[in-house]
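Colleague: Please take a close look at a single part of this structure. Describe what it touches and how it is placed among its surroundings.

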Amino acid sequence: DENNILRIVTAMVILVFFTVYCASGVVAGARLFENMFGMSYETALWVGALCTIAYVFVGGFLAVSWTDTIQAAMMITALLLAPVIAYLAVQGQLQPGQDWHSLIDADKFDLFKGQTAIGILSLAAWGLGYFGQPHILVRFMAAASVRHIPNARRIGMVWMFLCLFGSIGVGYFGIAYFGSHPEIPNTVAANNETVFVEISRLLFNPWIAGLLLAAILAAVMSTLSCQLLVCSSALTQDLYKTFLRRGASDHELVWVGRAMVLLVSVVAIWLASDPNSEVLGLVSYAWAGFGAAFGPVVLLSLMWPRMTRNGALAGMLVGALTVIIWKKTSWAALGMPVLDTVYEIIPGFLLSTLAVVVFSLISPPPSASIRQTFDEVETDVREHG
């Protein structure tokens with residue numbers, strides 16, 4: 001792409017959806033400080049945001065890289081320890097012959113209870129989003145060579161399995177624990193996203209609880225810091241340096257990048273300022289946007305040598321716009337209420353894939369040098385990946 005159109009479109013998609021994604025991290029941090037210290041949501045919002053913004057502003061990519069390992073270790077320890085302790089607490093309160101399953105509505109053990117085919121498909125479609133998440137893909141892109149990818153893949157999959165398994169465990173045993181202790185003021189009933197916070201506060205020594213709650217902050221900081229850096233890079237490298245100051249020095253770009261971190265942070269805080277904001281709702285929107293805009297482009301560029309620049313451009317535009325339009329459309333008002341239950345990544349991903357294929361086929365094929373690069377990378381992956 002010699003005229004930087006792909007660079008511009010990519011930067012704009014990143015800015016739109018990552019700002020929403022950053023807002024979800026700000027909300028999560030605010031919920032943590034709100035519940036830990038009894039702060040108002042407005043105060044907790046700024047305190048949580050500043051904890052992350054400060055070290056991204058000062059340290060940049062190096063700070064994020066070094067802290068990610070420690071943050072990940074805290075997260076996985078907390079997510080494995082909390083459900084175990086919650087389970088033991090529930091077991092200790094059971095009557096003879098009683099089982100902890102009896103404390104939970106049986107419907108919650110039926111994954112398909114009340115689900116429709118569209119609902120199941122929409123839940124499964126979350127998996128499509130992974131292929132287009134810049135802050136996840138950038139970890140693998142940072143590998144020194146393709147030889148490190150197999151180990152990175154194994155570590156990544158094991159880590160995700162344990163974290164998700166622990167998260168589900170916290171949810172189930174949290175339901176059982178609060179169900180067997182109706183005398184405890186249950187703030188989880190008002191906001192079920194605080195279940196981990198409440199379990200940590202009630203069942204652990206205050207010092208241990210502090211470490212577990214710090215793991216939540218670590219999770220927020222780990223994700224939010226990467227998102228801020230990607231947004232900053234998009235504004236600084238893809239727009240500022242490319243179109244405004246081609247000869248900008250590294251020192252200048254560092255300070256421009258820091259200014260962009262602050263700019264995106266302020267917008268994210270503004271989006272998160274609504275006390276009724278939910279982390280999952282914000283994440284699902286950004287997740288769908290990235291998955292639909294970048295997922296098909298990434299997959300087809302790796303697997304289909306006929307893909308072209310025009311195909312990539314069309315795929316990104318169609319995917320991003322489909323998610324935005326689908327999310328903003330009231331299908332019930334148009335007489336098609338069933339479409340309101342369809343997760344927007346599904347039409348976005350499908351139409352993006354179709355756009356990539358169609359526009360690639362109607363445009364001139366890739367040059368010989370691009371085909372050669374494709375073959376070389378494919379050979380390298382086959383041998384070492």
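Modeller: A residue is called buried under 20% relative accessible area, exposed over 50%, and partly exposed in between, using a 1.4 Å probe on protein chains only. The model is predicted, so local features need pLDDT of at least 70 and side-chain atom pairs pLDDT 80 or more, while totals for chains, interfaces and linings use all residues. Residues are numbered from 1 along each chain as its sequence is written, and side-chain values use heavy atoms, without hydrogens or water.

I will take helix α9 as the part, after a short look at the whole. The protein has 12 helices and 0 strands, where helices (H or I) are DSSP runs of at least four residues and strands (E) of at least two, numbered from the N terminus. Of its 385 residues, 43% count as buried. A contact here is a pair of heavy atoms within 4.5 Å. Among the contacts between residues at least 6 apart in sequence, 79% join residues at least 24 apart.

Start at the beginning of the part. α9 covers residues 279–303, and Glu-278 sits in the loop that joins α8 (250–271) to α9. Glu-278 is partly exposed, at 49% relative accessible area. Its C-alpha atom is 9.7 Å from that of Arg-31, although the two residues are 247 places apart along the chain. Ser-24 belongs to helix α1 (residues 5–37). Its relative accessibility is 3%, which puts Ser-24 among the buried residues. Apart from neighbours within four places in sequence, Ser-24 touches Val-279, Leu-282 and Val-283.

Now the first helix partner. The axes of α9 and α10 are 7 Å apart and make an angle of about 155°; an axis is a line fitted to C-alpha atoms, for helices over the stretch in contact, and angles between N-to-C directions run from 0 to 180 degrees. α9 is therefore roughly antiparallel to α10 (under 35 degrees is roughly parallel, over 145 roughly antiparallel, 65 to 115 roughly perpendicular, the rest oblique). The crossing of α9 with α10 is right-handed, meaning that the near helix is turned clockwise from the far one by less than a right angle; anticlockwise would be left-handed. On the α9 side the contact is made by Tyr-285, Ala-288, Gly-289, Ala-292, Ala-293, Phe-294 and Val-297. On the α10 side it includes Ala-312, Gly-315, Met-316, Gly-319 and Ala-320. By class, this contact has 11 nonpolar, 3 polar and 2 charged residues (nonpolar: Ala, Val, Leu, Ile, Met, Phe, Trp, Tyr, Cys and Pro; charged: Asp, Glu, Lys and Arg; polar: the others, Gly among them).

The next partner is α11. Its axis comes within 8 Å of the α9 axis, and the two cross at roughly 30°. That angle makes α9 roughly parallel to α11. This crossing is also right-handed. From α9, the residues that meet α11 include Trp-287, Gly-291, Pro-296, Leu-299 and Leu-300. From α11, those that meet α9 are Ile-345, Gly-348, Phe-349, Ser-352, Thr-353, Val-356 and Val-357. The contact of α9 with α11 holds 12 nonpolar and 5 polar residues, and no charged ones.

Between α10 and α11 runs a loop, and Glu-344 lies in it. Glu-344 is buried, with 6% relative accessible area. Leaving out neighbours within four places in sequence, its contacts are Ser-284, Tyr-285, Ala-288, Val-323, Trp-326 and Lys-327.

Aromatic rings remain. Phe-17, Tyr-285, Phe-290 and Phe-294 are linked by ring pairs into a cluster. Rings of Phe, Tyr and Trp (its six-membered ring) pair if their centres lie within 6.5 Å, with planes under 30 degrees apart called stacked, over 60 edge-to-face and the rest tilted. The count by this rule is 8 aromatic pairs. One pair, Trp-126 and Tyr-343, has centres 5.3 Å apart and planes at 25°, so it is stacked. Trp-126 is in the loop between α3 (117–124) and α4 (134–141), and Tyr-343 in the loop between α10 (309–328) and α11 (345–361), so the pair ties together parts 217 residues apart in sequence. Trp-126 counts as partly exposed at 25% relative accessibility, whereas Tyr-343 is buried at 8%.
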